[in-house]
Amino acid sequence: MSNPDAYISLICSLPGSERLFIAKQPPLSRLRLDRRLKALKPEDARVLQVLENALSWSAYDMDVTDAQAMGRCKQALKEVPQSTLRKLFMERIEMRTVIAAMRLRKRGEGAPSGAFGMGRWSRHIPANWSDPGFRLETPMPWVKEAHQLLESDDPLGLERLLLSVSQKQLKRHAARHFFDFEAVAIYVLIWNIFDRWSQSNAEDAAKRFEALAQQAMANVTDIDFEGVSA
Amino acid sequence: MNELVVTLGWLGIYAPMALGAAASAIGCAIAGQASIGAMTETDGGYGRFVGVSAFPSTMVIYGIVIMFTLNRDVTPENAGGLFGIGILSGIALMYCGIWQGRACAAAINATKEKPEIFGLALAPAAIIEGFGVFAFVFALVISAGIS
């Protein structure tokens, strides 16, 4: 257990995580967040970096294998001494394991032999491969909706569902930590979710803009681009 | 043996003051750090934050009053009573001060986002103050029975 009063000043200098999701403009940029995080002790900063790297997709190469990704997660777990952070890390990895299994199944692949992925459900998932939610509806009530979104080819909806579930998991852990290192780490992980959320909104907006632009341009055949007649 | 008992009596007289001072120092430091953090995030209301962070300073005042009330010639007959009242009221004040500091820090953190809940956010700190007052008042009441 960390010192419960270790980062009072740092936590109070951050805008509330609730505000991240309701603000029109991000109340805290990554640059400003990093500046505030300089108040972390070197060992805590290292743990936070390990945690963020292990959970961030952008930190993985495109051609990373399952074994490499799992090896990295196991290594990260060894470097995180705080039980709350280990627990929330495993919850996220278990969620990814379930989604990875759903994607494999959608691709038409059969049940893996032996364990699949990491966490408590690595043997349960192959054993219940034919069930839409791998019989995990009780511990993970969101699997049914995730399955439906995956089947209806709605990646953005699925992404938002997963971000929302992850955020709820983090908020649940945050209720037991106020001014310690765990509270700081949870805040940063929620900030990362907000960042992903806002990026997905931007991508959505860009796609919609492109579609609207194409629709509008389809009616204009003789538009003059920079003096050159189309 | 009597010397040890008398020493414990003196310890009991000074304990509320010493533990109350420690409580106020820790509590004010906790709440003070919160107010410093909140000031970097907000554009106003700084005086309010600093005022709230001074809440736990009352514990040392209670400790001083208990110390003066207990202060008398220490004899082997009254040393046990002085020790019991002094140490236990001091411990109570210390816990009240530290946790009041945490409650004030939480109030400051919440009111930087929502200034309209300022009064309500201070309720936990005020309730803890009430427990400190209980420890203080009943230490005075009980000490009247010591010769």
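This report describes the chains, helix packing, nonpolar cores and selected loop residues of a predicted model.

## Chain A

Chain A has 230 residues, of which 25% count as buried. Its secondary structure consists of ten helices and two strands. Read from the N terminus, the order is α-α-α-α-α-α-α-α-α-α-β-β, which places the two strands after the helices.

Among the contacts in chain A with a separation of 6 or more, 59% are between residues 24 or more positions apart.

## Chain B

Chain B has 147 residues, and 49% of them count as buried. The chain contains six helices and zero strands, in the order α-α-α-α-α-α from the N terminus. Its C-alpha trace spans about 60 × 20 × 15 Å along the principal axes.

For contacts in chain B with a separation of 6 or more, residues 24 or more positions apart account for 85%.

## Contact between the chains

Twelve residues of chain A and 14 residues of chain B take part in the contact. On the side of chain A, the largest share comes from helix α1 (residues 8–12), with five residues. The side of chain A that touches chain B is made up of seven nonpolar, three polar and two charged residues.

One contact across the two chains can be named: Ile108(B) touches Cys12(A).

## Helix packing in chain A

Helix α8 (residues 143–151) and helix α9 (residues 155–174) of chain A pack with their axes 8 Å apart, at an angle of about 160°. Angles over 145 degrees count as roughly antiparallel, so α8(A) is roughly antiparallel to α9(A). The crossing of α8(A) past α9(A) is left-handed.

From α8(A), the residues in this contact are Glu145(A), Ala146(A), Leu149(A) and Leu150(A). Their counterparts in α9(A) are Gly157(A), Leu158(A) and Leu161(A). By class, the contact of α8(A) with α9(A) has five nonpolar residues, one polar and one charged.

## Helix packing in chain B

In chain B, helix α2 (residues 46–53) and helix α4 (residues 79–113) cross at roughly 165°, and their axes come within 9 Å. That angle makes α2(B) roughly antiparallel to α4(B). The crossing of α2(B) and α4(B) is right-handed.

Phe49(B), Val52(B) and Ser53(B) are the residues of α2(B) in the contact, and they meet Cys104(B), Ala107(B) and Ile108(B) of α4(B). Five of the residues in the contact of α2(B) with α4(B) are nonpolar and one is polar, with no charged residues.

## Nonpolar cores

In soluble globular proteins, nonpolar side chains tend to be buried together. The largest nonpolar core in this model has 70 residues. Val184(A), Cys104(B) and Ile108(B) have the most contacts inside the core, so residues of both chains belong to the core. Helix α4(B) gives the most to this core, with 16 residues.

Leaving aside residues up to four places away in sequence, Ile108(B) touches Cys12(A), Ala31(B), Ala34(B), Ser35(B), Ala38(B), Phe49(B) and Val52(B). Of these, Phe49(B) and Val52(B) belong to the contact of α2(B) with α4(B).

A second, separate core has 13 residues, including Val98(A), Ile125(A), Phe134(A) and Leu162(A).

## Loop residues of chain A

Most residues other than glycine have a negative phi. Phe134(A) has a positive phi, near 55°, and Arg135(A) likewise has a positive phi near 55°. Phe134(A) is in the loop between α7 and α8 of chain A, as is Arg135(A).

Their surroundings can be set side by side. Phe134(A) is buried because 23 other C-beta atoms lie within 10 Å. Arg135(A) has 15 C-beta neighbours inside 10 Å and therefore counts as partly exposed.

Pro112(A) lies in the loop between α6 (83–106) and α7 (124–127) of chain A. Pro112(A) counts as partly exposed because there are 15 C-beta neighbours inside 10 Å. Its C-alpha atom is separated by 9.0 Å from that of Ile125(A), 13 residues apart along the chain. Ile125(A) is one of the residues of the second core.

Key
Residues are numbered from 1 along each chain as its sequence is written. Chains are lettered from A and ligands numbered from 1 in the order in which they are written. This is a predicted model: local features need pLDDT of at least 70, side-chain atom pairs count only at pLDDT 80 or more; totals for chains, interfaces and linings use all residues. Axes are lines fitted to C-alpha atoms, for helices over the stretch in contact, and angles run from 0 to 180 degrees between N-to-C directions. Helices (H or I, at least four residues) and strands (E, at least two) are DSSP runs, numbered from the N terminus. Angles under 35 degrees count as roughly parallel, over 145 as roughly antiparallel, 65 to 115 as roughly perpendicular and the rest as oblique. A crossing is left-handed if the near helix is turned anticlockwise from the far one by less than a right angle, and right-handed if clockwise. Two residues are in contact if their C-beta atoms, placed from the backbone, lie within 7 Å. Ala, Val, Leu, Ile, Met, Phe, Trp, Tyr, Cys and Pro count as nonpolar, Asp, Glu, Lys and Arg as charged, and the others, Gly among them, as polar. A residue is buried if 20 or more other C-beta atoms lie within 10 Å of its own, exposed if 12 or fewer, and partly exposed in between; C-beta atoms are placed from the backbone. A nonpolar core is a set of buried Ala, Val, Leu, Ile, Met, Phe, Trp, Tyr and Cys residues joined through C-beta atoms within 7 Å.
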